[in-house]
Amino acid sequence: MSGKYLVTGGAGYVGGVVAQHLLEAGHEVVVLDDLSTGFREGVPAGASFVEGDVRDAAEWLDSSYDGVLHFAASSQVGESVVKPEKYWDNNVGGTMALLAAMRAAGVRRLVFSSTAATYGEPEQVPIVESAPTRPTNPYGASKLAVDHMITGEAAAHGLGAVSLRYFNVAGAYGRHGERHDPESHLIPLVLQVAQGGREAISVYGDDYPTPDGTCVRDYIHVADLAEAHLLALGAAEPGEHLICNLGNGNGFSVREVIETVRKVTGHPIPEVVAPRRGGDPAVLVASAATAHERLGWKPSRTDLEGIVADAWEFARRRAGENAKNDQEAGA
């Protein structure tokens, strides 16, 4: 059955892909985004668009909505360390205002974009939802605070909510791919080297207790991630806050990613070993057993080469479009 959903942050990478999946499933979609990090062209065709702050959601939210999918947040780990106040204000304050707007409008279903950064440095891998939550930066701490806030909202006011804790999201879907500014994610950074935008890729530490000495991470295709959000809408039960990890359950090292990019692009990727970064765990791999059990979700695009190939196609298409626009602007 089709519904009407508000997607906050729907002009961004993950939010845009989820909005596209909602449309393809026959739902009505309204995207709310202030375009501080998102892009107007990231809003999928067929969605209504409201340019605005999530704190003002009460201006647009009413009882005609069946639920909210909440992606609007500041998400740069490094920036959160030097500007923690921004992360408490945007992520915690923004969500508090959104929950109040939902309560006032009688909208009782929420899917929240959470993160593996809530766990910090894990004691065991794969990581399960009952693992201790000890975030090592204000970004992870702000997302954990929102998770606690949602738990209280569900218990006190009957909200049906699902928090999805992502691991490393990658790949592309249709016209949606990673385009952060500044870019901080490994796969698009390595692809920038292949495109000539960077001379080399920095490998932060090659002496970790892993098979090749570099950090190991769990990469999940953005389309698999989007499908989990649609399933989560159906699993949201009044008064319950369900938390699910999303990952493919396999880890790939930094050097495996670099080698895969070499294979997919055919370009040599020079690498430079740099000192370890503080707070980088050696291994982060998810257990997605809860998502499988409660949502009926299982990732289908788990091949690293396929994930990189999708990201490479998006990067080349964007470069071609930018070159065309520059040419037309100079004509």
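In what order do the three strands of the open sheet stand, and is their pairing mixed? I will come to that directly, but please keep in mind throughout that what we are looking at is a predicted model.

The three strands form an open sheet in the order 12-9-14, and the pairing within that sheet is mixed. At its edges are strand 12, residues 252-253, and strand 14, residues 283-284, each of which pairs on one side only. Strand 9, which covers residues 216-217, runs parallel to strand 14, and two bridges link them; in that pairing, Val216 stands opposite Val283. For anyone new to this, strands of a sheet pair through backbone hydrogen bonds, either parallel or antiparallel.

Let me step back to the whole chain, which contains nine helices and 14 strands. Its radius of gyration is 19 Å, close to the 20 Å that the globule rule gives for 331 residues, so the chain is as compact as a globular protein of that length. Along the principal axes, the C-alpha trace spans about 55 × 55 × 40 Å. Of the 331 residues, 51% are buried, and if we take the contacts with a separation of 6 or more, 78% of them are between residues 24 or more positions apart. As for charge, the chain carries 27 positive and 43 negative charges, and the mean positions of these two sets are 1 Å apart.

Now to a strand in the interior: strand 6, residues 160-166. Seven of its seven residues are buried, so this strand is largely enclosed by the rest of the structure. In a regular strand the side chains alternate between the two faces of the sheet. On one side of strand 6 we find Gly160, Val162, Leu164 and Tyr166, and on the other Ala161, Ser163 and Arg165, all of them buried. Strand 5, residues 109-115, pairs with strand 6 in the parallel sense over seven bridges, and one of the matched pairs is Leu110 with Ala161.

Next, I would like to set two single residues side by side. Val254 lies in helix 7, which covers residues 254-265, and it counts as buried because its relative accessibility is 16%, under the 20% cut-off. Leaving aside residues up to four places away in sequence, Val254 touches Leu186, Val203, Thr214 and Cys215. Pro275, by contrast, lies in the loop between strand 13 and strand 14 and is exposed, with a relative accessible area of 66%. With the same neighbours in sequence left out, Pro275 touches Tyr204 and Gly205; Gly205 is 70 residues from Pro275 in sequence, yet their C-alpha atoms are 5.2 Å apart.

I will finish with two details of the backbone. Most residues other than glycine have a negative phi, and most peptide bonds are trans. Against that background, Val125 and Pro126 are joined by a cis peptide bond, with omega at about -5 degrees, and Pro126 is placed in the loop between strand 5 and helix 4. Leu35 is not a glycine, and nevertheless has a positive phi of about 65 degrees. Leu35 is found in the loop between strand 2 and strand 3, where it is partly exposed, with a relative accessible area of 23%.

Methods:
Residues numbered from 1 in each chain as written. Predicted model: local features only at pLDDT ≥ 70, side-chain atom pairs only at ≥ 80, totals over all residues. Heavy atoms only, no water. Helix = DSSP H or I, 4+ residues; strand = E, 2+ residues; numbered from the N terminus. Rg over C-alpha atoms; globule rule 2.2 N^0.38 Å. Buried < 20%, exposed > 50% of the residue type's maximum accessible area, 1.4 Å probe, protein only. Contact = heavy atoms within 4.5 Å. Lys, Arg positive; Asp, Glu negative; His and termini not counted. Charge placed at Lys NZ, Arg CZ, Asp CG, Glu CD. Pairing = 2+ DSSP bridges.
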